[in-house]
Amino acid sequence: MQHRELGRSGLQVPTVVLGAWAIGGWQWGGSDDAQAERALQAAIDCGMDAIDTAPVYGFGHSEQVVGRAIAGRRDRVQIFTKVGFNWTDTRGEFAFETIGNAGQPLRVYRNSRPWAVVREVEDSLKRLKTDRIDLIQVHRRDATTRIADTMQALANLHRAGKVRAIGVSNFDAAMLQEAKQALGDIPLASEQPKYSLVAREAERAILPWCIRNQVGTLVYSPLEQGLLTGKVTPERSFPANDARHKRPTFTPENRRRVLEVLERTVQPIADRHSATLGQVAIAWTIAQPGVTCAIVGARNPEQVLENVRGGELALSAAELAGIRSAFEALKLEGLARPGLLSRIFSRLTSIRRR
Ligand SMILES: NC(=O)c1ccc[n+]([C@@H]2O[C@H](COP(=O)([O-])OP(=O)(O)OC[C@H]3O[C@@H](n4cnc5c(N)ncnc54)[C@H](OP(=O)(O)O)[C@@H]3O)[C@@H](O)[C@H]2O)c1
């Protein structure tokens, strides 16, 4: 599998990273731990040697499953996890209400205070059964804590050797700038934004900022949670504890519209490369300027093995452009058109430059 440097961090990351949210079960209708461990093992075996997880994915469960899967193989895999969501006390900024693993109601807070991120890293190290985290990321901005204070705490953990690199997630360009400045000599390794063929908002300011500042990106939900594999037909139903049952992109009408573009434009390209639709969607994503790698979720070894090949597929410039323009013309119900937003943004910036 091809590797790229993550910003100026020195970490060499595979272009397809395994996302471990779904294997935590929460918001994904539960999960099968034995199958999840096999998926993680398959990823390590085939060179997809980086796993992205977070404490909030199953309230510790995803990290525990990852910890079991990497036992005895820690040196063959890089572990990326996060700080910033807390469900055990009420300090910080209220984020959302949800249901815990035992069916109990939970209130989750954004909390990136220095003591909280230090405690979270210690808890993650225990769940992952390791002595170091390769990349620690602030999951989402906590508006009640200065970014500089969080970064100082993470810099201390970096100096202590507990984290090898520091990144952030869901930050806008102004927050990224603040984080980078606060870290001083330690490079801000990465940003983790949402980005896919149907969610291209990051093209407006985040990816350009990362390119200018040599900060890497790990983009998430590149398959739009399975929709871009072509396997989510209008008939497929999701249980109430799978968040896709109420996501705006997953309405039956939106599924039909996405499937129509996939069949018309992406299928002929996939056929030419003996590839699947999902592999083409992954290959398109990691070929975009500013994208270091795509974090792709998988629940079983079959999905892992299919997704790995997306990282090895090279699409021509004409294929990349054809896929982009087909999705730019796609209008999904209840969502803004990112293609249109990007065009308005480029037009405004070019007028300002004149
Ligand atoms: N920083 C953040 O705020 C944030 C937010 C979201 C995600 N993330 C990270 O990014 C990772 C990936 O994002 P994501 O999991 O939301 O979405 P994704 O990677 O776009 O989609 C993953 C889902 O698609 C389906 N899938 C995957 N491979 C497939 C294949 N080959 N064939 C058919 N279906 C396939 C699986 O669901 P089914 O089998 O159930 O259909 C899988 O759980 C997460 O695991 C997490 O690590 C971070």
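With 9 C-beta neighbours inside 10 Å, Ser274 counts as exposed. The model is predicted. In it, Ser274 sits in the loop between α7 and α8 (277–286). Its backbone has a positive phi of about 50°, although Ser274 is not a glycine.

Phe59 also has a positive phi in a residue other than glycine, with a value near 50°. This residue belongs to the loop between β4 and α2 (61–70). Is Phe59 buried or exposed? Phe59 is buried, because 20 other C-beta atoms lie within 10 Å.

Helix α7 (residues 252–272) contains Val261. Val261 has 18 C-beta neighbours inside 10 Å, so Val261 counts as partly exposed. Val261 and Thr150 are 111 residues apart along the chain, and 43 Å separates their C-alpha atoms.

Thr150 leads to helix α4, where Thr150 is one of the buried residues. Helix α4 spans residues 147–159, 13 residues in total. From the first C-alpha to the last, α4 reaches 18 Å. That is close to the 18 Å expected at 1.5 Å a residue. Which residues of α4 are buried? They are Ile147, Thr150, Met151 and Leu154. These four cover an arc of only 95° around the axis, which means that they lie on the same side of α4. On the other side of α4, Ala148 and Arg159 are exposed.

Attention now turns to the strands. Strand β3 (residues 16–19) is covered on both faces. Val16 and Leu18 are buried on one side. Val17 and Gly19 are buried on the other. The partners of β3 include β13 and β4. β3 runs parallel to β13, and four bridges join the two strands. Within this pair, Gly19 stands opposite Gly297 in β13. β3 also pairs with strand β4 (residues 50–52), again in the parallel sense, over two bridges. Here Leu18 of β3 has Ile51 of β4 as its bridge partner. Between these two strands, the chain passes through helix α1 (residues 33–45). This β-α-β crossover from β3 to β4 is right-handed.

Gly19 and Gly297 appear again at the ligand. How many residues surround the ligand? The shell has 27 residues. The closest are Gly19, Trp21, Tyr220, Gly226 and Gly297. Both β13 (293–297) and α9 (301–310) contribute to this shell, with at least two residues each. By class, the shell holds nine nonpolar, 13 polar and five charged residues. Gly19 thus links several parts of the picture: Gly19 is buried in β3, stands opposite Gly297 in β13 and is among the closest residues to the ligand.

A further sheet is built from β6, β8 and β7. It is an open sheet of three strands, in the order β6-β8-β7, and the pairing is antiparallel. Why does one side of β6 and of β7 lack a neighbour in the sheet? β6 (85–86) and β7 (93–99) stand at the edges, and each has a single partner strand, so one side of each is left without a neighbour in the sheet. β7 and strand β8 (residues 105–110) run antiparallel and are joined by six bridges. In this pair, Phe96 has Val108 in β8 as its bridge partner.

Conventions:
Residues numbered from 1 in each chain as written. Predicted model: local features only at pLDDT ≥ 70, side-chain atom pairs only at ≥ 80, totals over all residues. Near = placed C-beta within 6 Å. Nonpolar A, V, L, I, M, F, W, Y, C, P; charged D, E, K, R; others polar. Buried ≥ 20, exposed ≤ 12 C-beta atoms within 10 Å, placed from the backbone. Pairing = 2+ DSSP bridges. Right-handed = clockwise from strand over helix to strand, strands pointing away. Expected span 1.5 Å × (residues − 1). Arc of directions from axis to C-beta.
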